[in-house]
Amino acid sequence: FNYITHLGKFHIEGGLLPDFHTRHVESGEYINVTISQTVDFDTNVVDNYIMIQTARKEEDDADGTQAGEKKDDGGREMVENVLFVDLQNNAFVCELAVVFRIDDERVSEITYPCAIASFGESRIPNLVTTGGLEISGTAFDVGLGCPPKEGDAAQDDYADPGLSGGIALAYRGTCTFENKATHVLARYAADAVVIVNGDSDQLFIMASSGSSREELPPVVMVGAAGGDTILEEAFHDNVVSVRIKIQNIGRSGQQWPVVQTEDSVIEVHASENWGVTAKRKEEGNLHDQWNFYVSEQEEYKYEGHNIEI
């Protein structure tokens, strides 16, 4: 629905999960918040994963729209960010860079946002301990990357079985993300796994089967555009390397959105004097445990004008 305030018009939507989508109509800036939980059945530890997707206008003129940027209706660049946060005020940004050769002397790179998994080295608790991670390597395509069913060949049987290390590129589908990572690690000793979300640029946190699987390498997801770029440049023998970087940005204020969290509150600060607040109730299941608000913001503080959804 639409809601009009003295800050302008907001378009607001909700989803099946604790999922809140808000767009400031006049500026085009938006904030999407999705909250999920994972339970490690081995330890009974519950981890909260919050994915925050935002876009805002680029203030500086640019020569052209790069990956991770879109045009608004006025032709201005919309810079997109994807963050992953916990309820202890840790915020991480995930980026995948494709480094490719322009000619014999020059290289360039295109950067895409990526999503993390709730298992393996890219779990938020691990990232908090390590401060993030950065991995570079040669990318290789393993198709679906699924383990073989009884009596069948593996669904990556065209990949070079002599490969060892590097970054495996697997497409979403047929088996779980966890099974893909397990199989690719066992067969290729991959340093990391990139899941390509087929025909979509939609990102989401990849769930586990109920175990943290600490032994698995980092697993991240990119949209179709990122996967297509890797394959296209690789087809022309242009890819030099792929780099995965997950960086803890905390509440540094060095980039938008600025995020603050504590045990029962999530605050996301937009760059146009507004933001989104989520407050957790005492009881209820995950779907109805959170209340979302659009809030007026001034110097990272919310005052007065709350719209409860």
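**Nonpolar cores and a surface patch**

V46 is partly exposed, at 42% relative accessibility. In this predicted model, V46 lies in strand β5, which spans residues 45-57. Together with V39 and F41, V46 makes a nonpolar surface patch of about 270 Å². The classification of V46 follows from the cut-offs: buried means under 20% relative accessible area and exposed means over 50%, so a residue in between counts as partly exposed.

I124 presents another case. This residue belongs to helix α1, residues 124-130. I124 has a relative accessible area of 3%. It is therefore buried, because the limit for that class is under 20%. Leaving aside neighbours within four places in sequence, I124 is in contact with Y49, F84, V85, D86, F92 and I116. The pairing with V85 spans 39 residues in sequence. In space, the C-alpha atoms of I124 and V85 are 7.7 Å apart.

F84, one of the contacts of I124, also features in the largest nonpolar core. That core has 47 residues. F84, I244 and I246 are the residues with the most contacts inside it. The surroundings of I244 were examined in turn. Beyond its neighbours within four places in sequence, I244 is in contact with E95, L96, L133, E134, I135, I167, A192, V194 and V220. A second core, separate from the largest, has 25 residues. Among them are F10, I12, I52 and I266. In soluble globular proteins, nonpolar side chains tend to be buried together.

How values were computed
Residues are numbered from 1 along each chain as its sequence is written. This is a predicted model: local features need pLDDT of at least 70, side-chain atom pairs count only at pLDDT 80 or more; totals for chains, interfaces and linings use all residues. Side-chain values use heavy atoms; hydrogens and water are left out. A nonpolar core is a set of buried Ala, Val, Leu, Ile, Met, Phe, Trp, Tyr and Cys residues joined through side-chain atoms within 4.5 Å. Buried means under 20% relative accessible area, exposed over 50%, partly exposed in between (1.4 Å probe, protein chains only). Contact means heavy atoms within 4.5 Å. Helices (H or I, at least four residues) and strands (E, at least two) are DSSP runs, numbered from the N terminus. Patches are made of residues with over 30% relative accessible area and no salt bridge: like charges are joined within 9 Å, nonpolar side chains (Val, Leu, Ile, Met, Phe, Trp, Tyr) within 5 Å. Accessible areas come from the Shrake-Rupley method with a 1.4 Å probe; for residues, only the protein chains shown count as cover. A salt bridge is a side-chain nitrogen of Lys or Arg within 4 Å of a carboxyl oxygen of Asp or Glu.
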